[in-house]
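Reader: Please take one part of this model and go through it closely. I would like the sheet, what packs on it, and any unusual backbone geometry there.

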Amino acid sequence: MDLQEHVLWLSRQPRVQDIWRYLDKVLADILASAVLIQQIPAPTFRELVRANHVLSCFGSCGLVDTGIDSLYNVYGRLPGQDPSAPALLISAHTDTVFPEGTDLALRHENGSRIAGPGIADNSLGVAALVATADIMRQFRIEPERDIWFLANSREEGLGDLGGIRAFYEQHGHRLGRAIVVEGLTLGRIYHRGIAVRRLHVATYAEGGHSWQQFGRPSAIHHLLLLGARLVQLKPPEKPRTTYNIGIIQGGQSVNSLATSASFYMDLRSEDPQTLRELETTVREIIASESDRVEGIDVTVDVVGDRPSGGIGADHELVRGAAAALRAVDLDCQLQAGSTDANLLLDRGLPAVTIGLTTGGNTHRVDEYINTEPLVKGMRQLILLALAGAGWEPPSEEL
Ligand SMILES: [Zn+2]
């Protein structure tokens with residue numbers, strides 16, 4: 001039985017119907033758990049408090065070999081019958097894009113929507129990870145192979161996939177396939193990684209008084225000039241290629257010529273070669289605009305480099321993920337994305353990223369999830385996890 005057949009076969013087993021009845025009863029608890037996780041601030045690099053909470057959840061789920069590493073990755077293992085068989089990894093990132101001090105208040109709308117920073121990306125994903133482990137304990141699931149549960153740090157922004165990278169370096173040799181869980185985009189299967197490069201562009205000048213030294217170079221004026229040139233770039237639509245200047249900072253006071261200024265620029269493409277060309281163009285523009293200016297120094301540093309990679313639409317893991325959606329009556333869309341799976345795919349581990357529900361406004365404070373589709377999202381995840389780890393209901397239970 002291949003993975004696709006296994007998923008569809010499992011979806012018809014009486015024991016799995018029991019799991020669905022149990023899932024219906026705990027759906028409200030899963031949402032409450034997502035809210036609890038969301039209320040713990042976890043900006044990238046500062047995930048420790050949230051990580052400790054998840055660690056205690058993993059303990060209550062009966063996972064073994066639980067721990068937390070120096071990057072605040074939290075992990076635990078559900079033992080399989082054959083510990084030497086390549087394990088299944090299920091991961092969800094704990095970090096959020098919201099800085100310390102963000103108001104994390106949530107709004108519950110009509111009982112069908114929850115809105116607030118990080119609820120979708122990725123508190124719900126982490127809650128689903130814990131719930132999956134808990135359901136496996138409730139039903140005494142003993143899969144063929146080990147399942148590693150990982151709530152990893154450093155997925156967002158300048159985290160640069162550092163959490164999953166560190167975990168993979170330590171444990172990658174034990175893994176055979178991976179499911180990466182995100183709160184939104186139910187119905188999509190990401191099986192290819194979008195390559196990302198992130199640049200920090202900084203300008204420096206001598207500075208001076210805005211009135212007395214008017215006419216001397218200013219780090220901010222020059223940075224604005226560079227930005228104005230760069231935002232006129234028109235990258236190709238196919239392969240889809242984008243850029244964004246997402247953070248800009250600099251200067252000392254309104255009446256000083258700025259001595260330093262900088263911005264962060266994010267470049268992405270479905271095609272690594274096109275991305276390299278875009279970065280070359282960006283660097284050429286910066287160089288040509290800066291070479292003829294006296295008294296300005298410019299530096300360009302790479303602060304993010306997300307590898308790309310992928311598995312084909314006909315890979316058994318992609319077909320298995322599609323079957324899990326079909327088993328819950330959902331259509332599936334195959335896509336390229338930028339998630340922790342990029343790193344795994346680049347290292348050669350088959351991986352898919354799947355979603356749990358619908359919603360929107362990701363990375364904004366009014367980010368939201370719709371609660372009603374979660375039941376299908378959870379069923380999909382559980383089916384793929386059970387089949388992915390080679391579980392079959394014990395025969396006396398059939
Ligand atoms: Zn995310």
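Author: What follows describes one sheet, the helix on it and a loop between two of its strands. This is a predicted model, in which local features need pLDDT of at least 70, side-chain atom pairs count only at pLDDT 80 or more, and totals for chains, interfaces and linings use all residues. Residues are numbered from 1 along each chain as its sequence is written.

The sheet is open and has four strands in the order E4-E5-E19-E18, paired antiparallel. Strands (E, at least two residues) and helices (H or I, at least four) are DSSP runs numbered from the N terminus, and two strands pair if DSSP finds at least two bridges between them. Strands E4 (107–109) and E18 (359–360) are at the edges with a single partner strand each, so one side of each has no neighbour in the sheet. Strand E5 (residues 113–115) is joined to the antiparallel strand E19 (residues 368–370) by three bridges. Ala 115 has Tyr 368 of E19 as its bridge partner.

Helix H4 (residues 119–138) packs on this sheet and touches E5, E18 and E19; contact requires C-beta atoms, placed from the backbone, within 7 Å. The direction of H4 makes about 55° with that of E19, where axes are lines fitted to C-alpha atoms, for helices over the stretch in contact, and angles run from 0 to 180 degrees between N-to-C directions.

Most residues other than glycine have a negative phi, and most peptide bonds are trans. Asn 122, in helix H4, is joined to Asp 121 by a cis peptide bond with omega about 15°. Asn 361, in the loop between E18 and E19, has a positive phi near 60°. Asn 361 is partly exposed, with 14 other C-beta atoms within 10 Å; on this count, 20 or more is buried, 12 or fewer is exposed, and partly exposed lies in between, with C-beta atoms placed from the backbone.

Conventions: Two residues are in contact if their C-beta atoms, placed from the backbone, lie within 7 Å.
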